[in-house]
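Below is a walk through a predicted model. The text starts with overall composition and then turns to individual residues.

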Amino acid sequence: MSKELKNITESVMEQIHLGKAKMKPKMYFIIGSILTFIGLISSVIVSTFLVGLTRFSLRAHGPMGQYRFDQIISNFPWWTLVFAVFGLVIGIWLIRQYDFSYKKEPWIIILGFILIILIAGWTIDVMGLNDNLLQRGPMKRIMQNYSSEKN
Amino acid sequence: MNMAENKEMSDEEIIEKVRNSDQDFYALIVDRYQKKLVRYANNLIRDEDKAIDIVQESFIKAFINLNNFDNKKKFSSWIYRIVHNQAINIAKKYQKETPLLEDWDFEGNDDLEKDFEQKEIVENVEKCLSEIPLLYSEPMTLYYIEEKSYEEISDILKIPMGTVATRISRAKKIMKNICQKN
């Protein structure tokens with residue numbers, strides 16, 4: 001065993017001296033952390049918008065259940081959903097890669113995100129931000145798709 | 001390198017030197033931890049050759065990512081965590097892992113546990129560990145063999161301290177039940 005242990009030190013140091021094992025610069029981890037943060041924030045924003053949009057759509061078309069459901073399915077901007085899920089998965093993966101102090105299980109983070117998104121989406125809708133988006137801003141076209149069949 | 005002086009340096013001081021001035025200081029860290037880590041990895045995968053490979057790979061991985069290590073935390077917890085991950089990956093690869101059954105349990109008796117002194121556990125623990133599910137044997141190994149605190153085990157395994165305590169307590173009961181039969 002002791003010979004093999006000595007070999008561990010020799011082998012590790014040899015790889016370092018030969019440049020086969022190179023220390024990643026601090027900047028690599030700083031950029032990684034920033035990207036993680038941006039990815040997660042984007043994911044929350046997009047997902048929150050989707051929740052708000054769904055609630056907005058439900059309000060916009062009255063009590064006809066099947067019609068409302070079909071309308072949501074046909075008009076739903078699925079690319080944003082894919083973007084949100086992708087962002088969330090990448091974000092969690094990056095957190096696990098970069099943050100050693102990360103102790104929680106992934107499902108706790110995912111549940112936390114879903115909860116934050118639902119609360120934020122509901123709050124935005126209740127506060128009338130969706131109605132403001134209908135009047136102006138980059139989301140005007142999407143919002144108008146949802147409200148056009150109402151009239 | 002002045003050996004006597006270096007031996008008194010903390011892990012974190014050595015890491016700081018490796019990062020900023022002399023990468024050769026990393027040999028001190030490898031020397032300091034390799035024996036313990038090989039024992040730990042061997043307890044996880046029950047294969048000494050693979051355990052040595054795992055430890056070697058872990059030291060290289062740790063070196064590559066050394067700038068990601070937060071020097072305010074304990075280096076030992078960090079390197080144990082890397083070995084844990086590496087061992088679990090290897091175990092999965094070779095499909096030799098002891099099943100990690102969360103609901104693996106048995107009818108226990110709390111009174112039996114009380115007369116189980118720590119010294120006795122230390123003597124028996126290595127003999128019996130192979131018969132205990134990894135879920136319980138790993139925190140047991142870290143606590144009694146590697147002499148880690150609950151907080152360090154919590155850092156290494158990324159589970160809450162309460163879960164660490166529960167698993168160690170269950171491991172003791174399991175040992176009492178299984179190992180005394182041998």
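What share of the contacts in chain A with a separation of 6 or more comes from residues 24 or more positions apart? Such residues account for 75% of those contacts. Chain A has seven helices and zero strands, so its elements, read from the N terminus, run α-α-α-α-α-α-α. Of its 151 residues, 35% count as buried. The area that chain A exposes is about 9,800 Å², with carbon and sulfur atoms supplying 69% of it.

Chain B is also built of helices, with 10 of them and zero strands. In chain B, 49% of the 182 residues count as buried. Its accessible surface comes to about 9,400 Å², and 44% of this belongs to carbon and sulfur atoms. For contacts in chain B between residues at least 6 apart in sequence, 67% join residues at least 24 apart.

Part of the carbon-bearing surface of chain A can be located. Met27(A), Ile30(A), Ile31(A), Ile34(A), Leu35(A), Phe37(A), Ile38(A), Ile41(A) and Ile45(A) form a nonpolar patch on the surface. Together these residues have about 880 Å² of accessible area. One of them, Ile41(A), lies in helix α2 of chain A, which covers residues 26–60. Ile41(A) has a relative accessible area of 38% and is therefore partly exposed, since that class runs from 20% to 50%. A general point about helices helps in reading the numbering of such a patch. An α-helix has 3.6 residues a turn, so residues three or four places apart point the same way.

The next stop is in chain B, at helix α9, residues 150–157. Which residues of this helix are buried? They are Glu152(B), Ile153(B), Ser154(B), Ile156(B) and Leu157(B). Their cover includes α3 (26–45), α5 (75–94), α8 and α10 (161–179) of chain B. After α9(B) comes Lys158(B), which has a positive phi, near 55°.

Glu152(B) has a charged partner. Lys74(B) forms a salt bridge with Glu152(B), and the closest N and O atoms are 2.8 Å apart. Lys74(B) sits in the loop between α4 (48–64) and α5 of chain B, while Glu152(B) belongs to helix α9, so the pair ties together parts that are 78 residues apart in sequence. The two ends of this bridge differ in exposure class: Lys74(B) is partly exposed, with a relative accessible area of 45%, whereas Glu152(B), at 10% relative accessibility, counts as buried.

Over all chains the count comes to five salt bridges. Another of them joins the side chains of Arg32(B) and Asp11(B), at 2.7 Å from N to O. Arg32(B) lies in helix α3 of chain B and Asp11(B) in helix α2 (residues 11–20), so this pair ties together parts that are 21 residues apart in sequence. Arg32(B) counts as partly exposed at 28% relative accessibility, and Asp11(B) is buried with a relative accessible area of 10%.

A further salt bridge is found between the side chains of Glu146(B) and Arg39(B), at 3.1 Å from N to O. This pair links distant parts of the chain, with Glu146(B) in the loop between α8 and α9 of chain B and Arg39(B) in helix α3, 107 residues apart. Glu146(B) is buried, with a relative accessible area of 7%, while Arg39(B) counts as partly exposed at 34% relative accessibility.

Glu138(B) makes a contrast with these acidic residues. Its place is in helix α8 of chain B, residues 134–145. Which side chain of opposite charge is nearest to Glu138(B), and how many Å away is it? It is Arg81(B), 6.8 Å away. A salt bridge needs a nitrogen-to-oxygen distance within 4 Å, and Glu138(B) is buried yet has no salt bridge. What it does have is polar contacts: the side chain of Glu138(B) makes one with the side chain of Tyr40(B), at 2.5 Å, and a polar contact of 2.5 Å joins it to the side chain of His84(B). Leaving out residues up to four places away in sequence, Glu138(B) touches Tyr40(B), Leu44(B), His84(B) and Leu157(B). Of these neighbours, Leu157(B) was met above as one of the buried residues of helix α9.

Terms used:
Residues are numbered from 1 along each chain as its sequence is written. Chains are lettered from A and ligands numbered from 1 in the order in which they are written. This is a predicted model: local features need pLDDT of at least 70, side-chain atom pairs count only at pLDDT 80 or more; totals for chains, interfaces and linings use all residues. Side-chain values use heavy atoms; hydrogens and water are left out. Helices (H or I, at least four residues) and strands (E, at least two) are DSSP runs, numbered from the N terminus. Buried means under 20% relative accessible area, exposed over 50%, partly exposed in between (1.4 Å probe, protein chains only). Contact means heavy atoms within 4.5 Å. Accessible areas come from the Shrake-Rupley method with a 1.4 Å probe; for residues, only the protein chains shown count as cover. Lys and Arg count as positive and Asp and Glu as negative; His and the chain ends are not counted. A polar contact is a pair of N or O atoms within 3.5 Å; within protein, one must be able to donate a hydrogen and the other to accept it, and residues adjacent in sequence count only if both atoms are side-chain atoms. Patches are made of residues with over 30% relative accessible area and no salt bridge: like charges are joined within 9 Å, nonpolar side chains (Val, Leu, Ile, Met, Phe, Trp, Tyr) within 5 Å.
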